[in-house]
Every structure is written in C-alpha cells, then in structure tokens.
Amino acid sequence: MRSLEELLKAEARRLGFDLVGIAPAVPPPGFPRFDQWLSRGQAGDMAYMEKHRDARADPKSVLADVQSVIVVGLNYYVADAHGVPIHPANETPARPSVTGRVSRYARMRDYHDLLRQRLKRLLDWLQERVPDCHGRVVVDTAPLLERDYARLAGLGWFGKNTMLLNKYWGSWFFLGELLVNVPLHPDPPHEASHCGTCTACLEACPTGAFPEPRVLDARRCISYLTIELRKPIPRELREQIGDWVFGCDICQDVCPWNRKVPVTTDPELQPWPMLATPDLIAWLELSPSRFREVFRGTPLTRPRRAGLLRNVAIVLGNRRDPAALPVLLRALNDEEPLVRGAVAWALGRYLHENIQPDSIRQALHARLVVEEDGPVREEIVQALS
Ligand code: B12
Ligand code: SF4
Ligand code: SF4
C-alpha cells in the first residue's frame with residue numbers, strides 16, 4: 001500500500017507541479033546567511049525583507065503548529081524569442097518597433113495566483129484524508145526562506161548565482177510551499193552541490209552583482225533595479241541594463257544545468273506575445289489607465305507605470321534607435337518625474353551619438369524652462385552637457 005507521502009506527491013504531480021518534496025518544520029539553516037545579507041545592506045530598499053526579519057527565523061511564525069513544509073516546484077521555461085515572433089497570433093507591427101527583453105518568468109500570467117490555487121487544492125486533498133489537518137499556502141509573500149526549505153526538501157542545491165538548481169529542471173522553476181500541522185515523513189536534504197569549478201554565472205553578470213559565490217548584492221542586480229527599486233536607477237548601472245525592461249535572466253541563461261530543460265507545456269504558463277516581444281515605443285505611450293488595462297494579471301504591474309516606463313526609457317537610451325526618438329521627445333513631458341528623468345538621460349545618449357542633436361537640444365531646453373522637479377532638472381542639465 002502506498003504511504004500518505006507517496007499519495008500526496010502523486011497528487012501534487014497530478015495538479016501540474018514538476019517537483020515536490022517534504023521538509024521538516026525546523027528553523028531554516030540559512031538564516032545566519034540571510035541576517036548577514038541584511039546587515040550588509042545587500043537587500044537595498046526592500047524594506048519588507050528587514051521588516052519581517054525575525055519571522056523568517058522560524059516557520060512557526062507562518063503557522064503556529066506547523067509540523068511539515070511541503071515544497072513544490074513549477075517549471076516555467078519558455079524558449080527565447082527575443083525579436084522573433086513566438087506565437088501564431090503575434091502580428092508584425094505596421095509601424096517601426098523597438099523591442100526589449102522581459103525575463104522569462106514574467107512573460108506569462110502572474111505566477112502567484114496560479115501556484116496558490118494549485119497548492120490550495122493540494123491542501124483540500126490532504127484535508128479530505130487527514131482529520132483535523134490545517135495548513136497555510138506560501139508563495140513569495142510570507143516570511144519564509146523558500147530556497148532554504150526547497151533544499152531541505154531535496155529539490156536541489158544553491159547555485160553560485162543563488163538560484164535553487166536541480167539536475168533535471170535547472171533553475172527555471174517557481175517555488176511554493178504548503179505548511180501543514182501533519183507530521184509527514186521528510187525527504188533527505190540535498191547536501192551535494194553540482195556547480196564544481198564552474199563560474200559562468202559570476203562572470204556573466206553585467207553589473208557585478210555577486211560579491212562572492214552564493215551571495216547576491218541586490219543593489220546591483222538588474223532584477224532588483226527594474227522591478228523593486230522605486231527611485232531612479234543609479235547612473236553608473238544604466239548602461240549595463242542593456243535591453244532588460246523587466247527582470248534579468250543572464251545568470252541563468254549561461255548556466256550549464258539550464259541547457260536541456262524542457263519547455264513548459266502547461267497551458268497556464270504559455271507566454272503572451274506582447275510580453276515576449278515588447279513593443280517599447282507603444283509602452284512608453286501608455287496612459288495610466290491603459291497601463292492598468294494592458295498589464296492586469298501580469299507581474300509587470302509591480303514596478304507600477306512609473307517604474308516600468310523608467311525602464312523602457314533606459315533601454316531606449318541604450319538602443320539609440322532613431323525610430324524611438326519621437327516618442328521619447330513626447331515622454332519628456334510625462335506626468336511622472338521618474339519617467340521624465342530617465343527620458344532626459346536617454347536623450348542625452350542620443351546626443352552623445354550626434355543623432356538629431358538640434359531637435360533634442362531644443363526639447364531639453366524647453367523642458368528645463370518649465371521643469372520644477374530638482375532631480376529631473378539635474379538629469380536634463382547632465383544630458384545637455
Ligand atoms: C527578495 C527576492 C529577490 C531579490 C533578491 C534575490 C536574492 N538572491 O536574494 C531580487 C529582486 C534581486 C530577486 C531576483 C530574482 N528572483 Co527572487 N525572490 C526574492 C524572495 C522574495 C526572497 C529571497 C531571499 O530570501 N533572499 C535573501 C537571500 C539572503 O537569500 P539567498 O541569496 O537565496 O540565499 C539563501 C541560501 O542560498 C542560503 N545560503 C547561501 N549560501 C549558503 C551556504 C550554506 C552553507 C548554507 C547553509 C546556506 C546558504 O542562505 C540564504 C537563506 O536562505 C524569494 C521568495 C522567498 N520568499 O523566498 C524570491 C525567489 C528567490 N526569486 C525567484 C526568482 C525566479 C527570481 C529571478 C530569477 C527573477 C528574474 N528573472 O528577474 C531573479 C534571480 C536573481 C538571482 N540570481 O537570485 C524565485 C527563485 C526560484 C529558484 N529556482 O531559485 C523565488 C524563490 C520566488 C519563487 N517563489 O519562485 N529576487
Ligand atoms: S539577474 Fe542579471 S543582474 Fe541579477 S545577478 Fe543575475 S545576471 Fe546579474
Ligand atoms: S553557472 Fe555554473 S556556477 Fe553558476 S549556478 Fe550554474 S553551474 Fe553553478
């Protein structure tokens with residue numbers, strides 16, 4: 001007869017999860033590492049990490065009588081379609097387009113709800129079999145060091161890029177947890193590391209965000225800068241952003257364990273054409289209400305319109321495609337200072353290449369006359385110099 005644990009794992013797979021394991025509800029062994037990361041300021045402005053510091057020391061702060069942590073992984077790997085239509089419905093735009101890159105995890109519907117729904121069904125299944133069972137579903141927002149429990153549950157090891165890596169699934173999977181008051185037999189933790197002497201991710205990171213293997217300084221990470229940071233992106237990192245408008249995949253793209261990962265066939269994780277080949281000219285023109293309509297249900301709402309359009313402007317400044325110039329000139333009058341500042345920087349980059357200098361100078365001077373925001377004025381002055 002199959003054990004409860006075996007049946008539970010079979011049910012998790014039936015619900016569409018690719019990985020599943022069980023960890024004991026012990027304090028996370030990586031907590032001292034997390035604490036060090038916070039005290040070095042490597043979390044940047046992510047105040048929510050600092051705020052719930054103590055809660056992360058014990059899973060009981062998420063569920064008081066927790067006995068087991070069921071950890072699941074969901075593969076989201078989609079082929080790279082940078083600049084190439086990847087969906088039959090993807091039509092060729094009639095006017096010039098300039099594209100950028102959205103990280104893979106964000107080219108589809110937001111994963112939080114999807115994982116939560118499936119984990120809730122797993123909890124329902126367990127409750128039908130175990131009297132008095134109760135639990136709590138966790139995806140990202142609760143104070144839980146998810147990668148720590150994933151390693152404890154045997155799902156994989158911490159790569160030098162800090163991703164949780166699995167020999168078969170690489171690192172292209174989301175994590176989610178179900179904390180329950182049922183004492184389940186735990187899986188053995190993943191003790192080995194299979195990075196060996198490889199340092200591909202550390203070398204490939206364009207912003208030098210890894211001060212040492214397995215430590216990420218979020219303040220330099222493009223993912224943090226384009227998704228979490230609410231302020232202007234530091235000048236010295238703007239060029240390295242390259243064409244990433246949302247998130248970054250470089251330290252995963254170069255990982256040898258990611259070479260043979262199968263493309264997801266999950267119907268709920270199929271990429272949206274508009275996110276796979278973003279039309280940056282159109283994005284920079286989105287009004288607040290259109291922004292909400294277009295990105296509803298996707299992860300791209302997180303940096304809000306101001307943050308996303310700031311990123312678009314930075315990428316356009318890096319591309320310096322003359323086709324984007326008219327929209328940049330219009331966006332110099334955007335209602336958000338965060339956007340206007342980034343647009344001024346982008347226009348400065350065009351000037352540097354001597355692309356239509358007269359009209360750019362004229363527009364920057366005209367804006368300077370009416371601009372009241374100090375940091376934006378500073379960006380315009382720098383662009384003109
Ligand atoms: C904050 C956060 C970020 C921040 C900081 C990332 C980071 N490395 O910490 C930013 C915004 C930069 C970010 C970026 C990304 N994120 Co993020 N993020 C989180 C979040 C909410 C918390 C992570 C955290 O606790 N960081 C604290 C630091 C200290 O943790 P850490 O670097 O992972 O180190 C831990 C271990 O490695 C361990 N450790 C390290 N060395 C050693 C050595 C020993 C001996 C021991 C015992 C332990 C140990 O200690 C730490 C404590 O657990 C989690 C969800 C969650 N609640 O856990 C998602 C999560 C980690 N992110 C995820 C994803 C997908 C991404 C991106 C790929 C998105 C993208 N494409 O842009 C990038 C990847 C960047 C990268 N290389 O990590 C996934 C990762 C899935 C996986 N397979 O690993 C998670 C789990 C979300 C999810 N539910 O699926 N993220
Ligand atoms: S996600 Fe990009 S910027 Fe961040 S650590 Fe990886 S390669 Fe560097
Ligand atoms: S690129 Fe190399 S060092 Fe980095 S996580 Fe992958 S195997 Fe480990």
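Okay, so ligand 3 to begin with: going by class, the shell around it has nine nonpolar, three polar and one charged residues. There are 13 residues surrounding ligand 3, and the closest are Gly159, Cys195, Cys198, Cys201 and Cys255. Bear in mind throughout that this is a predicted model.

Now ligand 2. The residues around ligand 2 are Asn161, Cys205, Thr207, Ala209, Leu216, Cys221, Ile222, Ser223, Cys248, Ile250 and Cys251. Which elements give two or more residues to that shell? Helix 7, which is 222–228, and helix 9, which is 250–253. On the class split, the shell around ligand 2 has eight nonpolar and three polar residues, and no charged ones.

Then there's ligand 1. Here 37 residues do the surrounding, with Gly30, Ser103, Glu146, Ser223 and Gly247 as the closest. You may remember Ser223 from a moment ago, since that residue is also listed around ligand 2. By class, we get 22 nonpolar, seven polar and eight charged residues in the shell around ligand 1. Several elements chip in at least two residues each: helix 2 (31–39), helix 5 (146–152), strand 7 (173–180) and helix 7. And which of them gives the most? That's helix 7, with four residues.

Right, let's move to the strands. Take strand 2, at 68–75. How many of its residues are buried? Eight of eight, so to speak the whole run. Ser68, Ile70, Val72 and Leu74 point one way, Val69, Val71, Gly73 and Asn75 point the other way, and all of them are buried. As background, in a regular strand the side chains alternate between the two faces of the sheet.

What does strand 2 pair with? Strand 1 for one, in the antiparallel sense, over six bridges. If you want to click on a couple of positions, Val20 stands opposite Val72, and Gly21 has Val71 as its bridge partner. Strand 2 is also joined to strand 7 by eight bridges, and those two run antiparallel as well. A handy position there is Gly73, whose bridge partner in strand 7 is Leu175. And strand 7 is one of the elements that supply residues to the shell around ligand 1.

Back to strand 1 for a second. Five of its six residues are buried, so strand 1 is largely enclosed by the rest of the structure.

Next, helix 1, residues 4–14. Its buried residues are Leu8, Lys9 and Ala12. Why do they end up on the same side of the helix? Because they cover an arc of only 95° around the axis. The general picture is that an α-helix has 3.6 residues a turn, so residues three or four places apart point the same way. On the face turned away from that buried side, helix 1 carries the exposed residues Glu6, Ala10 and Arg14. What covers the buried residues? The cover includes strand 1, strand 2 and helix 4, which is 111–129. After helix 1 comes Gly16, and its phi is positive, near 110°.

Just along from there is Asp18, in the loop between helix 1 and strand 1. Is Asp18 buried or exposed? It's buried, because 21 other C-beta atoms lie within 10 Å and the cut-off is 20 or more. Setting aside neighbours within four places in sequence, Asp18 is in contact with Gly73, Leu74, Asn75, Trp169 and Phe173. Gly73, Leu74 and Asn75 there are residues of strand 2. For Leu74 we have a distance too: the C-alpha atoms of Asp18 and Leu74 are separated by 5.3 Å, with their positions 56 residues apart along the chain.

There's another loop residue to look at, Ala106, between strand 3 (101–102) and helix 4. Ala106 counts as buried because it has 23 C-beta neighbours inside 10 Å. Leaving out neighbours within four places in sequence, its contacts are Phe246, Gly247, Leu275, Thr298, Pro299 and Leu300. Gly247 is among the closest residues to ligand 1. Thr298 is 192 residues away along the chain, yet the C-alpha atoms of Ala106 and Thr298 are separated by 7.0 Å.

Last, the overall layout. The protein is divided into domain 1, covering 4–77 + 110–180, and domain 2, covering 280–310 + 320–385. Taken over C-alpha atoms, the centres of the two are separated by 39 Å.

Definitions and conventions: Residues are numbered from 1 along each chain as its sequence is written. Chains are lettered from A and ligands numbered from 1 in the order in which they are written. This is a predicted model: local features need pLDDT of at least 70, side-chain atom pairs count only at pLDDT 80 or more; totals for chains, interfaces and linings use all residues. A residue is near a molecule or strand if its C-beta atom, placed from the backbone, lies within 6 Å of it. Ala, Val, Leu, Ile, Met, Phe, Trp, Tyr, Cys and Pro count as nonpolar, Asp, Glu, Lys and Arg as charged, and the others, Gly among them, as polar. A residue is buried if 20 or more other C-beta atoms lie within 10 Å of its own, exposed if 12 or fewer, and partly exposed in between; C-beta atoms are placed from the backbone. Two residues are in contact if their C-beta atoms, placed from the backbone, lie within 7 Å. Domain bounds come from an automatic or database domain assignment. The arc is that of the directions from the helix axis to the C-beta atoms. Two strands pair if DSSP finds at least two bridges between them.
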